[in-house]
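Biologist: Got the new model up on your screen? Put it here and let's walk through it.

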Amino acid sequence: PKPEVRRIADELNLINAAKKDSQGICFIGQVKMSDFLDAYVPDQPGPILSTDSKVMGEHRGLHHFTFGQRKGIRVASPVKDWAYVVVGKDFETNSLIIGFDTPDTDGLYTRECEIRSLSFTNQPLPETRKLLVRPRYRAPAVPAIWERVGDDAARITFDEPQRAISPGQIAALYDGETLLGGAIFASNYTAAH
């Protein structure tokens, strides 16, 4: 566990023993992600659509948004204490899809998804097994069923629907606290409903 590694590093007087954890991308340095994107990815404005395809506004570019994001959408909610969140991106029409941050919003929660680019710490996993999946950094590892569906793909079925599973995110696979391997969430995941 990380606290034990930090304790050992401190005993060995390593300079990074107490270094703050990073959530950024190391190669861009002390630059905000939005500033980095602005410098290298041109904006492509497009419509912001509700889950029922109603035009709600305009976005600067799909690259500025992630699934489950609340901030920066710039569309006011008509319902007190309910916020809009990103629930999808339609790259063909350059549309950002938003919905309310509730478990029954289409596209926000996922029970079943496909993972690809499988990588294992030791032995490949069997065809089917119960395990824990950490769907994003700092999220808890949650129970799921693993089912291999190809040489480099598997289906993950969560016991409980998970919020904002995003294509391209890393899925860490565990047996208790033992890391078994990892994979990348594929773009063809299915909604919870």
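Modeller: Sure, starting with burial: of the 193 residues in the protein chain, 37% count as buried. Buried means under 20% relative accessible area, exposed means over 50%, and partly exposed is in between (1.4 Å probe, protein chains only).

Biologist: Any ground rules before I start clicking?

Modeller: This is a predicted model, so local features need pLDDT of at least 70 and side-chain atom pairs count only at pLDDT 80 or more, while totals for chains, interfaces and linings use all residues. Numbering runs from 1 along each chain as its sequence is written, and side-chain values use heavy atoms, with hydrogens and water left out.

Biologist: OK. What does the secondary structure of the protein chain come to?

Modeller: There are 2 helices and 11 strands. Those are DSSP runs numbered from the N terminus: H or I over at least four residues for a helix, E over at least two for a strand. Going along the sequence, the pattern reads α-α-β-β-β-β-β-β-β-β-β-β-β.

Biologist: And what does the C-alpha trace span along its principal axes?

Modeller: About 55 × 40 × 35 Å.

Biologist: Which residues have the most contacts inside the largest nonpolar core?

Modeller: Those are Ile115, Leu131, Val133, Trp146, Ile156, Phe158 and Leu173, in a core of 18 residues. A nonpolar core here is a set of buried Ala, Val, Leu, Ile, Met, Phe, Trp, Tyr and Cys residues joined through side-chain atoms within 4.5 Å. Two or more residues each come from strand 5 (109-120), strand 6 (128-134), strand 7 (142-150), strand 8 (153-163), strand 9 (170-175) and strand 10 (178-185). Apart from that core lies another, of 10 residues, with Phe65, Ile73, Val75 and Ile98 among them.

Biologist: Why would nonpolar side chains be buried together?

Modeller: In soluble globular proteins they tend to be, as a general rule.

Biologist: Back to Leu173. What does Leu173 touch?

Modeller: Not counting residues up to four places away in sequence, the list for Leu173 includes Ile115, Leu131, Val133, Trp146 and Ile156, along with Leu179, Leu180 and Gly181. Contact means heavy atoms within 4.5 Å.

Biologist: How about the other end of the chain. Is Pro3 buried or exposed?

Modeller: Pro3 counts as exposed because its relative accessible area is 61%. Pro3 belongs to helix 1 (residues 2-11). From Pro3 to Tyr84 is 81 residues in sequence and 37 Å in space, C-alpha to C-alpha.

Biologist: Switching again. Where is the place of His64?

Modeller: His64 is in the loop between strand 2 (55-59) and strand 3 (84-90). His64 counts as buried because its relative accessibility is 18%.

Biologist: Which side chain does the side chain of His64 make a polar contact with?

Modeller: One is Asp43, at 2.8 Å. Another polar contact, of 2.7 Å, joins the side chains of His64 and Arg60. A polar contact is a pair of N or O atoms within 3.5 Å; within protein, one must be able to donate a hydrogen and the other to accept it, and residues adjacent in sequence count only if both atoms are side-chain atoms. Leaving aside neighbours within four places in sequence, His64 is in contact with Asp38, Asp43 and Gln69.

Biologist: Strand 2 has Val55, right? What is Val55 in contact with?

Modeller: Yes, Val55 is in strand 2. Beyond four places in sequence, the contacts of Val55 are Ile48 and Leu49. Val55 is exposed because its relative accessibility is 58%.

Biologist: Now Arg163. What does its side chain reach at 3.0 Å?

Modeller: The backbone oxygen of Gly68. Arg163 sits in strand 8 and, with a relative accessible area of 26%, is partly exposed. Past four places in sequence, Arg163 is in contact with Gly68, Val85, Asp101, Leu108, Tyr109 and Arg136.

Biologist: And Gln169, which loop is Gln169 found in?

Modeller: The one between strand 8 and strand 9. A polar atom of the Gln169 side chain lies 2.8 Å from the backbone oxygen of Pro135. With neighbours within four places left aside, Gln169 is in contact with Pro135, Arg136, Ala164, Ala183, Ile184 and Phe185.

Biologist: Last one: Ile145. How far apart in space are Ile145 and Asp159?

Modeller: 7.7 Å, C-alpha to C-alpha, at 14 residues apart in sequence. Ile145 is in strand 7 and counts as partly exposed, at 28% relative accessibility.
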